[in-house]
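Hi there,

Here is the structure I promised to pass on to you. Have a look at it first, and then read on for what turned up.

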Amino acid sequence: MTNKYDVIIIGGGAAGMCAAINIKLRDRSISVAILEQLSRVGKKLITTGNGRCNISNININIDRYHSENIAFAEFALQNYDNYYAADFFSEIGVVFTYDETGRAYPYSLQASSVVDAMRFSLEELGVDTFVDTTVLSYSKTENFFNINTNNGDFICESLVIATGLYSGGNKLGSNGSMLKILKNAGYKTVKTTPAIVQLKTETDVVKSLKGIKVNADVNLSINETAVRGEFGEVLFCDYGLSGPPIMQLSREIERQPGDKVITLDLMWEYTYANVCDILNFRATALRNRNLDEYLTGMLNKRVGQAVLKMCGLKLSDSVATLKNGDIKQIASIIKGMKFKVTGTTGFDNSQVTAGGLDTTQFNPQTMESERERGLYCIGEILDIDGDCGGFNLQWAWSSAICAANAICEDFGV
Ligand SMILES: Cc1cc2nc3c(=O)[nH]c(=O)nc-3n(C[C@H](O)[C@H](O)[C@H](O)COP(=O)(O)OP(=O)(O)OC[C@H]3O[C@@H](n4cnc5c(N)ncnc54)[C@H](O)[C@@H]3O)c2cc1C
């Protein structure tokens, strides 16, 4: 049996559900189906923001996005921004709240409530959802797309591809299968790499500090050239470094060649000279203690001890043995604790995939393919990725609404 719809959306994730709801909100008479390979829709969405769903950000701005063709994202993000998303979600029952940095969450602070609201809307609006349905191929005859799945064949006039890429791994439906299908159909792609991901570093120091969190000014350099800086809480792990500023800086690690180094400024509010003054004062005031307690009360105790070991000092020696050169070296490491980056923890642990479908093949106002009329690509499968902080879900909403509006116009609504 072949199922025929006006619109078929492949992928019941953030972008796919948003597109389906927006088409139906505008015109219920357009028949819409979602084909989702997993047993439920919204499986990734439910895990976002540590289960709280960082749904958008008050500071939506093109500067927070990355692509080989960043101008492509401007129309969607400007016209369907966080305020538009807040109105859309309020219409389906989700109220936004913002934290002090501008990150938006559902007021419930439950990602599951966002998925529920979207799921209920799909049902109420009459969208047919086919789960456990993996799209294997598609082809186009003059006016129709034929879609072949493990669960029968489907036909539609407009086809929306909202299948994401690799981030989160297979359990969240992220295997990039549609990217391969589109590539075989002749679409150009931009190299895909994990972004918003933990970093692997040389492990001698980080392993000893496993589980400790410190606030730091964090900088990434590639071949000794500063690339980007972020401030926030860094977590030491047995494999390397994690925490918001590390995730934020991770995008370039697998995209650019060269030696990558993460530098932590552990006393960002003080200059190097200030830190030397403080260390000199302590060298006198605490001269009766051993070095293992020299930095206690100034840095996390174990981090302080690691700093001293990085200077080649013996923790059992007395503070009184410190020389002027030692103090300068300790201050240098406090102001710039360096970790050589060896890689990332990979797609399974990443929140977003950088790269994807080359956006020059799509219309930025509609997300429609310039190669195949009636085919739209939205969300993460396109070569657009955002920073950590709600920017990726906002891209899913903005791009989905562009496609939904264009499809409605095609159907004369
Ligand atoms: C752990 C984690 C936490 C995150 N937290 C946040 C956050 O708080 N804020 C934020 O902005 N972003 C966050 N992100 C990123 C955000 O979730 C994604 O950018 C967004 O979900 C992308 O939406 P999408 O619809 O394009 O793809 P997805 O949400 O990945 O949906 C794609 C869907 O397509 C289905 N599919 C794939 N191939 C096929 C096929 N061949 N046939 C049928 N179905 C198929 C998949 O099963 C999947 O359900 C997070 C990501 C992860 C992994």
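By class, the shell around the ligand is made up of 21 polar, 15 nonpolar and 4 charged residues. Please keep in mind that this is a predicted model. In total, 40 residues surround the ligand, and the closest are Gly11, Gly13, Gly164, Gly173 and Gly379.

Which helices supply at least two residues each to that shell? They are α1 (14-26), α5 (177-184) and α11 (391-410). Of the elements that line the ligand, α11 gives the largest share, with 4 residues.

Now to the sheets. You will find a barrel closed by 6 strands, which follow the order β12-β15-β14-β13-β16-β17 with antiparallel pairing. On average, neighbouring strands in this sheet are turned by 45 degrees against each other, direction ignored. For one pair in the barrel I can give you the details: β16 (residues 260-265) and β17 (residues 337-344) run antiparallel and are joined over 4 bridges. There, Ile262 has Phe339 of β17 as its bridge partner.

There is also an open sheet of 3 strands, in the order β3-β6-β5, and its pairing is antiparallel. β3 (56-57) and β5 (96-98) are its edge strands, each of them pairing on one side only. Between β5 and β6 (residues 103-106) the antiparallel pairing extends over 3 bridges, and Thr97 stands opposite Tyr105 in β6.

If you would like to start with the ligand, the five glycines named above, Gly11, Gly13, Gly164, Gly173 and Gly379, are the closest residues around it.

Best wishes

Key. Residues are numbered from 1 along each chain as its sequence is written. This is a predicted model: local features need pLDDT of at least 70, side-chain atom pairs count only at pLDDT 80 or more; totals for chains, interfaces and linings use all residues. Two strands pair if DSSP finds at least two bridges between them. Axes are lines fitted to C-alpha atoms, for helices over the stretch in contact, and angles run from 0 to 180 degrees between N-to-C directions. A residue is near a molecule or strand if its C-beta atom, placed from the backbone, lies within 6 Å of it. Ala, Val, Leu, Ile, Met, Phe, Trp, Tyr, Cys and Pro count as nonpolar, Asp, Glu, Lys and Arg as charged, and the others, Gly among them, as polar.
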